[in-house]
Amino acid sequence: INAEYMGAELKKMAARIGRMRELLEHHLVQLGTPGSWDHITEQIGMFCYTGLTEEQCEKLISQHHIYPFPKDGRISMAGLTDETCLVFARAIHDVLTNPQKSNL
């Protein structure tokens, strides 16, 4: 594997992660999810700080089987796809708009 090939692959991966950030922010805004979501597209790299609390992350896990890093709300942007971005956005929206929803 040569450096030119690796550089091209790295650029493709970075562009895909950037698209996932844009798509996630778009879905959250379109759903009317409370809060500002600009920080998602302002960050760079494979991980994203969502701004969710530990309790909200625990609800994502227990109610939606989505597994962020619960202590700080960080997620792997590389793990999202075009299809799962909307699923994730809907789960965030549910957790934020239905805070009293039971974990049972």
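In this predicted model, Glu 9 is partly exposed, with a relative accessible area of 30%. The partner of Glu 9 is Lys 12, and the two side chains meet in a salt bridge with an N to O distance of 2.9 Å. Lys 12 counts as exposed, at 52% relative accessibility. Both residues belong to helix α1, which covers residues 3-31; because Glu 9 and Lys 12 are 3 residues apart in that helix, about one helical turn separates them. An α-helix has 3.6 residues a turn, so residues three or four places apart point the same way.

**Salt bridges**

A search of the whole structure finds 4 salt bridges. The table lists three pairs, including the one already described.

| Pair | N to O distance | Relative accessibility |
|---|---|---|
| Glu 9 and Lys 12 | 2.9 Å | Glu 9 30%, Lys 12 52% |
| Glu 55 and Lys 59 | 3.9 Å | Glu 55 54%, Lys 59 8% |
| Arg 74 and Asp 72 | 3.3 Å | Arg 74 22%, Asp 72 29% |

Glu 55 and Lys 59 lie in helix α3, 4 residues apart, and are therefore separated by about one helical turn. Glu 55 counts as exposed, whereas Lys 59 is buried, with a relative accessible area of 8%. In the pair formed by Arg 74 and Asp 72, Arg 74 counts as partly exposed at 22%, and Asp 72 is likewise partly exposed at 29%.

**Helices α3 and α4**

Helix α3 spans residues 54-64, and its buried residues are Cys 57, Lys 59, Leu 60, Ile 61 and Gln 63. Part of the cover over these buried residues is provided by α4, residues 82-97. After α3 comes His 65, which has a positive phi, near 55 degrees.

Helix α4 has 16 residues, and at 1.5 Å a residue they should span 22 Å; the C-alpha atoms at its ends are 23 Å apart, which agrees. Which residues of α4 are buried? They are Cys 85, Phe 88, Ala 89, Ala 91, Ile 92, His 93, Asp 94 and Val 95. The elements that cover them include α1, α3 and β2, the last of these at residues 74-76. Helices α3 and α4 thus appear in each other's cover: α4 is part of what covers the buried residues of α3, and α3 is part of what covers those of α4.

A contact between α1 and the region of α4 can be followed through a single residue. His 27 is found in helix α1 and counts as buried, at 13% relative accessibility. Leaving out residues up to four places away in sequence, His 27 touches Cys 85, Leu 86 and Ala 89. Of these contacts, Cys 85 and Ala 89 are among the buried residues of α4.

**Cysteines**

How many disulfides does a search of the whole structure find? The search finds 0. A disulfide is a covalent bond between the sulfur atoms of two cysteines. For Cys 48, the closest cysteine sulfur is that of Cys 85, at 10 Å, which is too far for a bond; the cut-off for a disulfide is a pair of sulfur atoms within 2.5 Å. Cys 85 is accordingly in no disulfide, its nearest cysteine sulfur being that of Cys 48. Both residues are shielded by the protein: Cys 48 counts as buried, at 0% relative accessibility, and Cys 85 also counts as buried, at 0%.

**Surface patch and Thr 41**

A nonpolar patch of about 450 Å² on the surface is made by Leu 10, Met 13, Met 46, Phe 47 and Phe 69. Among these residues, Phe 47 is found in strand β1, residues 47-49, and counts as partly exposed, at 35% relative accessibility.

Thr 41 is found in helix α2, residues 38-42. With 33% relative accessibility, Thr 41 counts as partly exposed. How far apart in space are Thr 41 and Arg 19? Their C-alpha atoms are 9.1 Å apart, while in sequence the two residues are 22 residues apart. Setting aside neighbours within four places in sequence, Thr 41 is in contact with Arg 21, Glu 22 and Glu 25.

Notes:
Residues numbered from 1 in each chain as written. Predicted model: local features only at pLDDT ≥ 70, side-chain atom pairs only at ≥ 80, totals over all residues. Heavy atoms only, no water. Buried < 20%, exposed > 50% of the residue type's maximum accessible area, 1.4 Å probe, protein only. Helix = DSSP H or I, 4+ residues; strand = E, 2+ residues; numbered from the N terminus. Contact = heavy atoms within 4.5 Å. Patch = residues over 30% accessible without salt bridge, like charges linked within 9 Å, V, L, I, M, F, W, Y side chains within 5 Å. Areas by Shrake-Rupley, 256 points an atom, 1.4 Å probe, with all protein chains shown as cover. Expected span 1.5 Å × (residues − 1).
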